[in-house]
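Me: I would like a close look at a single part of this protein, with its surroundings described carefully.

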Amino acid sequence: MRKEPKVKYAKAVFKVVPEDTTRIAMVETGEAHIAEPLPVTEIERVSQSPQMALYRTEGLGTDFIGFNTKKKPFDDVRVRQAINYAIETDAIIQGVFNNVGTKANSAMSPKVLGYSEALKGYEFDPNKAKTLLKEAGYANGFKTTLWTGDRKERINAAEVIQSQLKGIGVEVEVKVLEYGAYLDAEDNGETDMFISGWGNATGDGDYNQYNLFHSSSLGKGGNTTFYVNKEVDKLIEEARREPDSAKRKQLYAQALEIESKEAPMVPIRNLEHVAAVSKKIKGFWISPSGYMMINDITME
């Protein structure tokens, strides 16, 4: 008869603490033992604390800038490509995200089945961006809005993007909404450009591709760029049916290549999960999906 493992602790208490500094201070004082999420601006504070340790691990999600491809001027692939060339993602990862996460080449992170290392993505090339805008009929640039939820990091990213795009004559108004209202606007296609992200509960490419790029997922299904491509639909559907992992990866690589060329979004970074953890805690980890794993925790 199998012996059940002995329970170490009678209960675990989860508290919702919206204020970032308060959440971290609770770990510092011993009132709490784990603070997650951890703002990237607090990395140094946690790293240098005698009471706290910094936990970080690669995740399955990505952050990106989406285009509403139904709206002018983003219905023109040359405009979307131009914006890709004009945004310096390395500077955003370093300056806004404090080097948390790595540069993304697509909306799929390296830990997801279907990721393509061969995909080059876009390098920072403002001259190429200006040439493409001229070809598209926007030699003097244009005005647009960049929508984001009210997370501090994304607001900061929006302001950096606003500054970078000024360099190619694109005048950006940053529009910040409460997160729920922002999601509604994104789902309903009210946005022009928007800062978003996509996690992955399964680690499989289908969860990424079908939701973000398939034509049956428009709006609330996850495809908030309203991108439609019959060849991409076909590749995603074939990959769903294909039992062989190697062949599935080939199908996803083809889809990613088309998506990159048609540029319905600007990939920014592959996510890292970060948390502040009391130095009294052992055995804590965060799964690539972002779930906090506390089953084997011990406390000194």
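In which strand is the place of Thr148? Please go on from there to the other parts you can describe.

Reply: Thr148 lies in strand 4, which covers residues 142–148, and the model in which it is placed is a predicted one. With a relative accessible area of 0%, Thr148 falls under the 20% limit and therefore counts as buried. Leaving aside residues up to four places away in sequence, Thr148 is in contact with Arg154, Ile155, Ala158, Val174, Lys175, Val176, Leu177, Tyr182 and Ile195.

Leu119 can be described in a similar way, although its place is in a loop, the one between strand 3 (102–103) and helix 5 (126–135). The relative accessibility of Leu119 is 5%, so this residue, too, counts as buried. Beyond residues up to four places away in sequence, Leu119 touches Asn105 and Ser106, and also Leu256, Glu257 and Ser260. Ala25, by contrast, is 94 residues from Leu119 in sequence and 42 Å from it in space, taken from C-alpha to C-alpha.

Helix 5, which bounds that loop, also meets helix 3 (residues 77–86), and the axes of helix 3 and helix 5 come within 8 Å and cross at roughly 165°. Because this angle is over 145 degrees, helix 3 counts as roughly antiparallel to helix 5, and the crossing of the two is left-handed. On the helix 3 side the contact is made by Arg78, Val79, Gln81, Ala82, Tyr85 and Ala86, and these meet Pro126, Lys128, Ala129, Leu132, Leu133 and Glu135 in helix 5. Sorted by class, the residues of this contact are 8 nonpolar, 1 polar and 3 charged.

Terms used
Residues are numbered from 1 along each chain as its sequence is written. This is a predicted model: local features need pLDDT of at least 70, side-chain atom pairs count only at pLDDT 80 or more; totals for chains, interfaces and linings use all residues. Side-chain values use heavy atoms; hydrogens and water are left out. Helices (H or I, at least four residues) and strands (E, at least two) are DSSP runs, numbered from the N terminus. Buried means under 20% relative accessible area, exposed over 50%, partly exposed in between (1.4 Å probe, protein chains only). Contact means heavy atoms within 4.5 Å. Axes are lines fitted to C-alpha atoms, for helices over the stretch in contact, and angles run from 0 to 180 degrees between N-to-C directions. Angles under 35 degrees count as roughly parallel, over 145 as roughly antiparallel, 65 to 115 as roughly perpendicular and the rest as oblique. A crossing is left-handed if the near helix is turned anticlockwise from the far one by less than a right angle, and right-handed if clockwise. Ala, Val, Leu, Ile, Met, Phe, Trp, Tyr, Cys and Pro count as nonpolar, Asp, Glu, Lys and Arg as charged, and the others, Gly among them, as polar.
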